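Me: I'm new to reading structures, and whole models overwhelm me. Could you pick one part of this one, look at it closely, and then show me how the rest connects to it?

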Amino acid sequence: ITFLDIVMPVKDGITAVKEICQYDNNAYVIMVSSVGTQAHLKEAIKSGASDFMQKPASLDQLKQIITNAVK
């Protein structure tokens, strides 16, 4: 399970999720982002991300996403 932000200092999350999924097509990548980046989140899902969550994340959200990943 990998958690990635959309905006990162060296490489954006969409590029990173594409690379991760090319390396391992069974990877479970969760994109994390703040409000206002819905277009980026949709692009990340199209690029291979398994799920997404908005910041700030609650403990309940994290538990649910991890539960979904291990099913």
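Reply: Sure! One term before we start: two residues are in contact when heavy atoms of theirs lie within 4.5 Å of each other. Keep in mind too that this is a predicted model.

The part I'd pick is strand β2, which covers residues 29–33. To place it, start with the whole chain. The protein chain has three helices and three strands, and along the sequence they come in the pattern β-α-β-α-β-α. A compact globule of 71 residues would have a radius of gyration near 11 Å, and the protein chain agrees because it has 11 Å. Its C-alpha atoms fit a box of roughly 30 × 30 × 20 Å along the principal axes.

Now zoom in. How many of the five residues in β2 are buried? Five of the five, so to speak a full house. For scale, 30% of the 71 residues in the protein chain count as buried. The side chains of β2 go two ways: V29, M31 and S33 point to one side, while I30 and V32 point to the other, and all of them are buried.

What does β2 pair with? On one hand there is strand β1, residues 2–5, joined to β2 by four bridges, with the two strands running parallel. Look for L4 there: M31 of β2 stands opposite L4. On the other hand there is strand β3, residues 51–54, also parallel to β2 and joined to β2 by four bridges. A handy pair to find is V32 and M53, since V32 has M53 as its bridge partner in β3. Unlike β2, strand β3 has a covered face, made of D51 and M53, and an uncovered one, made of F52 and Q54.

Let's stop at S33, which belongs to β2. S33 has a relative accessible area of 2%, so it is buried, the cut-off being under 20%. Who surrounds S33? Skipping neighbours within four places in sequence, S33 is in contact with D5, I6, L41, M53, Q54 and K55. Two of those names tie in with the strands we just met: D5 is within the 2–5 range of β1, and M53 is part of the covered face of β3. K55 leads to a small oddity: the peptide bond from K55 to P56 is cis, with omega near -5°. P56 itself is in the loop between β3 and α3.

Next, follow β2 to a helix. V17 sits in helix α1, which spans residues 13–23. Is V17 buried or exposed? Its relative accessible area is 0%, so V17 is buried. Not counting residues up to four places away in sequence, V17 touches L4, V29, M31, A44, S47, G48 and A49. That list includes V29 and M31, which point the same way from β2, and also L4, the residue opposite M31. Not everything is close to V17, though: V70 is 53 residues away in sequence and 19 Å away in space, C-alpha to C-alpha.

C21 is in α1 as well. With 16% relative accessibility, C21 counts as buried, because the cut-off is under 20%. Setting aside its neighbours within four places in sequence, C21 is in contact with S47 and G48, and both of those are touched by V17 too. C21 and G48 are 27 residues apart in sequence, yet their C-alpha atoms are 6.2 Å apart. Contacts across such stretches turn up elsewhere: among contacts between residues at least 6 apart in sequence, 45% join residues at least 24 apart.

Finally, walk to α3, residues 59–70, where you'll find I66. At a relative accessible area of 37%, I66 is partly exposed. Apart from its neighbours within four places in sequence, I66 is in contact with I1 and F3. F3 is 63 residues from I66 along the chain, with 11 Å between their C-alpha atoms.

One last look, at the outside. The protein chain exposes about 4700 Å², with 57% of that supplied by carbon and sulfur atoms. The chain carries 7 positive and 7 negative charges, and their mean positions are 4 Å apart.

Note on methods: Residues are numbered from 1 along each chain as its sequence is written. This is a predicted model: local features need pLDDT of at least 70, side-chain atom pairs count only at pLDDT 80 or more; totals for chains, interfaces and linings use all residues. Side-chain values use heavy atoms; hydrogens and water are left out. The radius of gyration is taken over C-alpha atoms; the globule rule is 2.2 Å times the number of residues to the power 0.38. Buried means under 20% relative accessible area, exposed over 50%, partly exposed in between (1.4 Å probe, protein chains only). Accessible areas come from the Shrake-Rupley method with a 1.4 Å probe; for residues, only the protein chains shown count as cover. Lys and Arg count as positive and Asp and Glu as negative; His and the chain ends are not counted. The place of a charge is taken as NZ of Lys, CZ of Arg, CG of Asp or CD of Glu. Two strands pair if DSSP finds at least two bridges between them.
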